[in-house]
Each structure stands twice: as structure tokens, then as C-alpha cells.
Amino acid sequence: MNKLIGCATVFVSLFCHPLLAAVTEYHIQLKDHLFFPSRITIPANQKAKLIIDNQDSTPEEFDSFSLNREKVIFANHKATIFIGPLQPGEYHFFGEYNPNTATGTVVVEQQKLGSQDVN
């Protein structure tokens, strides 16, 4: 039994530890059919967690063709959307029910360390 527990511990520490690494959270507020902030910057090649807080009295659908995500966010509720890892660039999103006002962009930038890029 002790060998089994020892093997399980080694397995978890070697293979599951990267899965337990913290994913950076980015908070976006939806109010008056506008996203605040409407532009967020995240590092390339890392997963990110978007937490959208819909403070409107109506539902909205977060939609993004470039991020390949869509999710209905009920009135006065929060929703979590995981994105990435992404290549550097700009990824647009919008509220499907209010596409003229509820718009935003995720800017993905390569992290820099000193004067050299980190890959």
C-alpha cells in the first residue's frame, strides 16, 4: 500500500503540478451595454481566465469568433471564460445582443525580459 501511495505522489508531482499552476484572472465589467475595460492585455502562450460581471438588468452573450468563445451571461451575474494559450495579436469580442456598443479586444503580447523576448 505504501508503494502505491508513493507512486501516486510521484505521478501527481511530475504530471499534475503544471495543471495546478495558477491561471491569471482578468476582470471585465459589463455595464450599460459596455465592457470595462474594453481592452485588456495578456501574455502570449499562457492561459487566462476572464471573469465577466454583467451588471446590467438584461442578459448578454459574450461572443468572439477569433477566440472561438461564446457564453450567455445572465443579468446581474458573473461568468468565467478561459482563453489561451494564444499567439501575439489582437482578438476581438462583442456582446451579441448589443454588438454596436458592447465591444472589446484582448491584446496578446510576447513577454519581454530585459531587451530579449521570452519564448
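Start by selecting E25 in this predicted model. E25 has a relative accessibility of 39%, so it counts as partly exposed. Now add K49: its relative accessibility is 21%, and because buried means under 20%, K49 counts as partly exposed. Show both side chains. They meet in a salt bridge, with 3.4 Å from N to O. The two residues lie 24 apart in the chain, K49 in strand β4 and E25 in strand β1, so that the bridge links distant parts of it.

Next, show the backbone of these two strands. Strand β1 covers residues 24-31 and strand β4 covers residues 48-54; they pair in the parallel sense over seven bridges. E25 stands opposite K49 of β4 in this pairing.

Widen the selection to the sheet. Which strands form it, and in what order? There are four, running β2-β1-β4-β7, in an open sheet with mixed pairing. At the edges are β2 (34-36) and β7 (77-83), each of which pairs on one side only. From one strand to the next, the twist averages 25°.

Then go to the other salt bridge; a search of the whole structure finds two. Select E90 and R39, whose closest N and O atoms are 2.9 Å apart. This pair also links distant parts of the chain: E90 belongs to strand β8 (residues 89-95) and R39 to strand β3 (residues 39-43), with their positions 51 residues apart in the numbering. Are these residues buried, exposed or partly exposed? E90 is partly exposed at 43% relative accessibility, and R39 is partly exposed at 48%.

Now select D63, in strand β5 (residues 60-64). D63 is buried and has no salt bridge. Where is the nearest side chain of opposite charge? It belongs to R69, 10 Å away. To see the surroundings of D63, display R69, E70, F93, F94 and E96: these are its contacts once neighbours within four places in sequence are left aside.

Finally, clear the selections and view the whole protein. Its secondary structure consists of one helix and eleven strands. Followed along the sequence, the helix comes before the strands, in the pattern α-β-β-β-β-β-β-β-β-β-β-β. Colour by burial, and 31% of the 119 residues count as buried. The exposed area is about 7,900 Å², of which carbon and sulfur atoms supply 57%. Of the contacts between residues at least 6 apart in sequence, 56% join residues at least 24 apart.

Key
Residues are numbered from 1 along each chain as its sequence is written. This is a predicted model: local features need pLDDT of at least 70, side-chain atom pairs count only at pLDDT 80 or more; totals for chains, interfaces and linings use all residues. Side-chain values use heavy atoms; hydrogens and water are left out. Buried means under 20% relative accessible area, exposed over 50%, partly exposed in between (1.4 Å probe, protein chains only). Contact means heavy atoms within 4.5 Å. Accessible areas come from the Shrake-Rupley method with a 1.4 Å probe; for residues, only the protein chains shown count as cover. Lys and Arg count as positive and Asp and Glu as negative; His and the chain ends are not counted. A salt bridge is a side-chain nitrogen of Lys or Arg within 4 Å of a carboxyl oxygen of Asp or Glu. Two strands pair if DSSP finds at least two bridges between them. Axes are lines fitted to C-alpha atoms, for helices over the stretch in contact, and angles run from 0 to 180 degrees between N-to-C directions.
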